[in-house]
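Good morning, everyone, and thank you for coming. I would like to walk through one model with you, starting with the overall form of a chain and moving on to some of the contacts between side chains.

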Amino acid sequence: MANVDKDTVTGTETTGHEWDGIKELNNPLPRWWLYVFYATIVWSIGYWVVYPSWPTFSTYAKGVLGYSSRAELEKDIAAARKAQEAQRAKIAAAGIADIVKDQDLLVFATAGGKAIFAENCQPCHGPGGAGRPGGYPVLADDDWIWGGSPEDILTSIRVGIRSGHKDARASEMPRFGDALKAAEIAAIADHLLAFAGQKPKSEAGAKLFAEQCVACHGEDAKGNKDLGAPNLADGIWLYGGTREAIVAQIANPRLGMMPAWESRLDPVALKMVAAYVYALGGGK
Amino acid sequence: MNKSSAAAAPASLYAAREDIYPRKVQGTFRRLKWAALIALLGIYYGAPWLRWDRGPEAPDQALLVDMPGRRAYFFSIEIWPQEVYYLTGLLILGAIGLFLVTAIAGRVWCGFTCPQTVWTDLFMWVERLIEGDRPARMALDRAPFSAAKALKKTAKHGAWLAISFVTGGAWIMYFTDAPTLMREFFVGASSPEVYGFTALFTATTYVLAGFAREQVCIYMCPWPRFQGAMFDEHSLIVTYEDWRGEPRGGAKHGQSFEGRGHCVDCGLCVQVCPTGVDIRKGQQMACIGCALCVDACNSIMPRFGLPGNLITYDSIANQAARMKGETPRVRWLRPRTIVYAAILLVVAAAMATALALRVRTEVHVIADRAPLFVRLSDGDVRNGYTVKILNMERADKEFRLAVAGVPGATLNVPGFTAEQADHAVLPVKGDSIGTFRVFVRTRPDRLGARARDIEFAATDAVSGRVYRRTNVFNGP
Ligand code: SF4
Ligand code: SF4
């Protein structure tokens, strides 16, 4: 840049850059501005040293501070746990029936229970306990095969259904497909639909129902919670409410299974999730 | 800038800051600036100490932004997080106010009330007190290092840091109880955040008012870049009457000004300028409109028996009028001032109305999304809702909640109603949000459609005021 080009109007020299006859004036930046830029470079070097920032072949450079966001998270979780201790102790000491009656405890338990539910129960029972077709019951209604009181719900979660737990809830529906003719099964199905008010009564079905089903499901077909015999008169069908589905369930019953959560969740978590399920709207 | 050396060799891409040693000046505008400075700093440092009785459970600080409590207090007005639009309104008022004031009187904000200006002015005053006026300061900076110089510099920076610390600390006080903070701060009982932010604001004050000064106005502030759009030829701005001043030149007392300009080229207007502007070159972006050069020149003119206001705070239109010997006239009412003032009034009125009519209770109804509805054993369909009642008053309240629009609907709020009720009585504590699970059920044959509008009505038990919210009731 031997010959310095000066703009004739302003007297300021130009950078020598020119586009379509427009020349760029050399208006210098303030020097402190430049120094701030250098300072950020120096800062970044310090940052590389102090914080983890370089990948290595199998791991990464840890940085002299030994900082890791995972460790920070663990610290935060521990702090959160600690903050919850008092409430958790109260839940540990209280019975589930007392928890659902105590507004403060219930709010705490359902908030925690919601997270536990989302992680463990939602895959089968759906968000908000909406259930899924094909044997995953709705938990937001009032139809409870094994009982919907807080204690009943807690027990069901704890021991599971046909789970292999020694106290597991288990009921056996016989395979009527081996014992009855297809027409007989169809008659029973019609009779059941009549109970739920979905079909006119059937004489033959009533007789067969009295012989075969009353022992478990009761004369009015309202079921028996101690046996885990579902209410057949309420129009809520676990395996589908069409005639075919009911026939199939009588002939060759499907028996659902739920794991025992006792081995996976601690007692406090069990109570919290039970309280949450109870608050979904069940509880008969 | 040394132009001759620049011609010899290409200048560096970067320029060092030129030191500015503003000279002391006296006059009308300087007095105005002192008054503004004292008033503004008084408000800034004093405001957090104003008390306001809000009852036993609320903080009694008149101005308080309570971050952890998620409330902002402004005298009798209490703002909840969802009401931040009041802050937006305030910012709009500020912006339009700035436009209006600029259209009327140029950069008065920059020259008199901008925090950067105010604190820089305060720092310069301290500087002058310790190091002396312009010539003394220039001499001191040129002088070789000595004990006396070190002492003066230390004293200056010490004083600056002290002011910065008080400034940074006062800012924190707007976010926490001032007397408590004062007590805890010095015994080390405040939170790391308090110390951290105090240190941060101390540092920024020290750097911005002590060192960056006019560079903030020239390089960092966006305002000078577009404030020109708010001016017109009737805006009052600082101008040099070049038709009267030129040709300039040195002059002796009692000499005749026949055939020459009134500017005696004393340079005082440049020396007093806090941003190093020579206003005689015309309007410049770096000029913050502080009018100190007006005071400076007005202190010179009488000595030569010349009329004042060679540099003047006046409009371009008036300048032209004066030049032609016509009578100048200040035009306050112009399309732009009228428009700005109108917008200002509308926004202010809208905000005042919103504040006056604002309701301190809010009801929100959130319908369960999964499941949309459930069938119950007796054939009923049931929908679940979460009802939130925001009670923004300080008193505990009770609300009677009922639903309408769905035939045969009954509601159940576990813990607050019997199984199926036609209404629920829900207590909500003062200054808090009550959250309730509400179940509504009806017979599906009475529903008549897959989905219907359902109206929730919460009635304030005391005032009788009804808050209605519409939602959807789903059925099969
Ligand atoms: S030129 Fe005058 S009005 Fe502008 S900043 Fe300088 S002293 Fe203030
Ligand atoms: S202060 Fe007035 S007389 Fe002195 S140089 Fe500036 S304009 Fe000219």
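When I speak of helices and strands, I mean DSSP runs, of at least four residues in H or I for a helix and at least two in E for a strand, numbered from the N terminus. By that count chain A has 12 helices and three strands, and please keep in mind that what you see is a predicted model.

Let me stay with chain A for its overall form. Its radius of gyration is 35 Å, whereas a compact globule of 284 residues would have one near 19 Å. Along the principal axes, its C-alpha atoms fill a box of roughly 115 × 55 × 40 Å, and 36% of its 284 residues count as buried. As an illustration of the distances involved, V36(A) and E184(A), which are 148 residues apart in sequence, lie 90 Å apart in space, C-alpha to C-alpha. E184(A) belongs to helix α8, residues 182-195, and is partly exposed, at a relative accessible area of 24%.

On the surface of this chain there is a nonpolar patch of about 1,200 Å², whose members include Y35(A), Y38(A), W48(A), W54(A) and Y67(A). Of these, Y38(A) sits in helix α1, residues 31-50, and is partly exposed, with a relative accessible area of 42%.

Now to the charged pairs, of which the structure holds 39 as salt bridges over all chains. In chain A, the side chains of R88(A) and D266(A) form one, at 3.4 Å from N to O. Because R88(A) lies in helix α2 and D266(A) in the loop between α11 and α12, this pair ties together parts that are 178 residues apart in sequence.

In chain B, I would draw your attention to D431(B), whose side chain meets that of R71(B) in a salt bridge of 3.0 Å, N to O. D431(B) lies in the loop between β12 and β13 and R71(B) in strand β3, so the pair ties together parts that are 360 residues apart in sequence. R71(B) is buried, with a relative accessible area of 11%. D431(B) also forms a salt bridge with R394(B), with the closest N and O atoms 3.2 Å apart, and R394(B) is partly exposed at 28% relative accessibility.

Finally, which kinds of residue make up the shell around ligand 2? That shell divides into eight nonpolar, one polar and two charged residues, among them C263(B), D265(B), G267(B) and R280(B).

Notes: Residues are numbered from 1 along each chain as its sequence is written. Chains are lettered from A and ligands numbered from 1 in the order in which they are written. This is a predicted model: local features need pLDDT of at least 70, side-chain atom pairs count only at pLDDT 80 or more; totals for chains, interfaces and linings use all residues. Side-chain values use heavy atoms; hydrogens and water are left out. Patches are made of residues with over 30% relative accessible area and no salt bridge: like charges are joined within 9 Å, nonpolar side chains (Val, Leu, Ile, Met, Phe, Trp, Tyr) within 5 Å. Accessible areas come from the Shrake-Rupley method with a 1.4 Å probe; for residues, only the protein chains shown count as cover. A salt bridge is a side-chain nitrogen of Lys or Arg within 4 Å of a carboxyl oxygen of Asp or Glu. Buried means under 20% relative accessible area, exposed over 50%, partly exposed in between (1.4 Å probe, protein chains only). A residue is near a molecule or strand if one of its heavy atoms lies within 4 Å of it. Ala, Val, Leu, Ile, Met, Phe, Trp, Tyr, Cys and Pro count as nonpolar, Asp, Glu, Lys and Arg as charged, and the others, Gly among them, as polar. The radius of gyration is taken over C-alpha atoms; the globule rule is 2.2 Å times the number of residues to the power 0.38.
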